[in-house]
Each structure stands twice: as structure tokens, then as C-alpha cells.
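I opened this model to look up two things: a pocket and the cysteines. My notes are below the view.

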Amino acid sequence: MTRPLLTLFLAVSLLTSLSACGGSSSTTVATGDDEGEWGEWEDEEDIDGEATHVTTGDAREMLGMDGPETPWADMSHEEKEFYMIGKFHPVMKQIFAEYDENRWGHERYECENCHGRDMRERNYEMPPPDSYPVPEYGSEAWQRMETGFGETVAFMKDEVTPAMGSLLGWEEPRCTACHRSAD
């Protein structure tokens, strides 16, 4: 499927499933307040002055926390892209924004935050080479990291990693899925 057709397919599919993700035209999405209630996206401007769309409601409730129907390892690149845009990104964006609205809120959490600036050239492979290196869990280096970045480490360990594992259908999610190993 060509990129323009894939983009159109993704946009239509996302709107249909009430998990729309961006676009330049006004559209409607469920607000999450009452079943069947609809609300308009709010047009806002990002830091570059371009129109963005903000939805209301809880992404975890609207999209669920279960993994994809097809195991991640068996999905095609296009299926992974669709899943990431339609489910993984909205849910993880909400989790990060709830942790630190100033750092991750609104349009500050994008694909590049996890996949790196050169994500397209690397075909979205994880972990990106510029990710924060994480030492082995429980090691002396890990303990130093917890001492220096305790709140962030706890957030990543207790909220991000389990959510990521659940959304991707991984039984044993690990830090090194997104971060390079420091060892």
C-alpha cells in the first residue's frame, strides 16, 4: 500500500474507531463523558502556530489496555504503525502527561520521544541509540540511578513499563525495550 493510501486508510480507520490521531480537518470524537455523547475536537495551536487537535476523555478507558489481537512479533510494519498511532500513542501520551503535564502534556509527546529523531532512517527500531542508558535492574548502578532520579525511575518502573507491556501483549516487559543497556 502506498504511503498516501496508507495515511488515508489510517485516518479513516482511526476516526471510525474513535481513537483519531491528528489531521488538518475538524472532526468529532467521543468525549468519554457519556456513552454515545459526541464532542468536537478543539482546534489549538502548537508552538509553531500550526493547528492541532485535542480530544477529551480517558484514552485508557476508550481504547483499553489489552494488547493487539495479533502478537507484536507477527505484525507487519503497517499493522504496527496503525496500532501505535491508534492505540499505543494516545494511551502512553496520557500516562506521561498525567505524570508531568509541563514536560509531556499537549503536543510534547510524539513518536520521536521514544523512537529517536532518526526513527525513519532506522525503521523505528528500538531502542534508539540516543536513549538514556539503563543499568541492570537491582545492580549498584541501578541503585545510584534510583537515588538520583527516584521519582522518575518509580514512574517508569511502576507505570510506564507495565502499561507498555500490557499494550504490546508482552508477558515480561523490560526497560531495555525502550532504553539501551548501560552494561
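These entries cover the second largest pocket, then the cysteine sulfurs.

**Entry 1: pocket.** I kept in mind that this is a predicted model. I looked up the volume of the second largest pocket and got about 890 Å³. I then listed its lining, which has 33 residues. Closest to the pocket centre are Trp104, Asn113, Tyr132, Met156 and His179.

**Entry 2: lining by helix.** Which helix gives the largest share of this lining? I found helix 7, with eight residues. Helix 7 spans 150–168. Helix 3 (77–99), helix 4 (101–104), helix 5 (111–115) and helix 6 (140–148) also supply at least two lining residues each.

**Entry 3: lining by class.** I sorted the lining of the second largest pocket by residue class. It has 21 nonpolar residues. The polar and charged classes have six each.

**Entry 4: disulfides.** How many disulfides does the structure hold? I found zero. I checked Cys114 and found it in no disulfide. Its nearest cysteine sulfur belongs to Cys178, 5.6 Å away. A disulfide needs the two sulfur atoms within 2.5 Å.

**Entry 5: Cys175.** Why is Cys175 not bonded to its closest cysteine? The closest cysteine sulfur is in Cys178, and at 8.8 Å it is too far for a bond.

**Entry 6: accessibility.** I looked up how exposed two of these cysteines are. Cys114 has 23% relative accessibility, so I noted it as partly exposed. Cys175 is partly exposed too, with a relative accessible area of 26%.

Note on methods: Residues numbered from 1 in each chain as written. Predicted model: local features only at pLDDT ≥ 70, side-chain atom pairs only at ≥ 80, totals over all residues. Heavy atoms only, no water. 1 Å grid on protein atoms, 1.4 Å probe; cavity = no way out; pocket = protein on both sides within 12 Å on 5 of 7 lines; lining within 4 Å. Points joined across faces, edges and corners; volume = space filled by probe spheres on them. Helix = DSSP H or I, 4+ residues; strand = E, 2+ residues; numbered from the N terminus. Nonpolar A, V, L, I, M, F, W, Y, C, P; charged D, E, K, R; others polar. Buried < 20%, exposed > 50% of the residue type's maximum accessible area, 1.4 Å probe, protein only.
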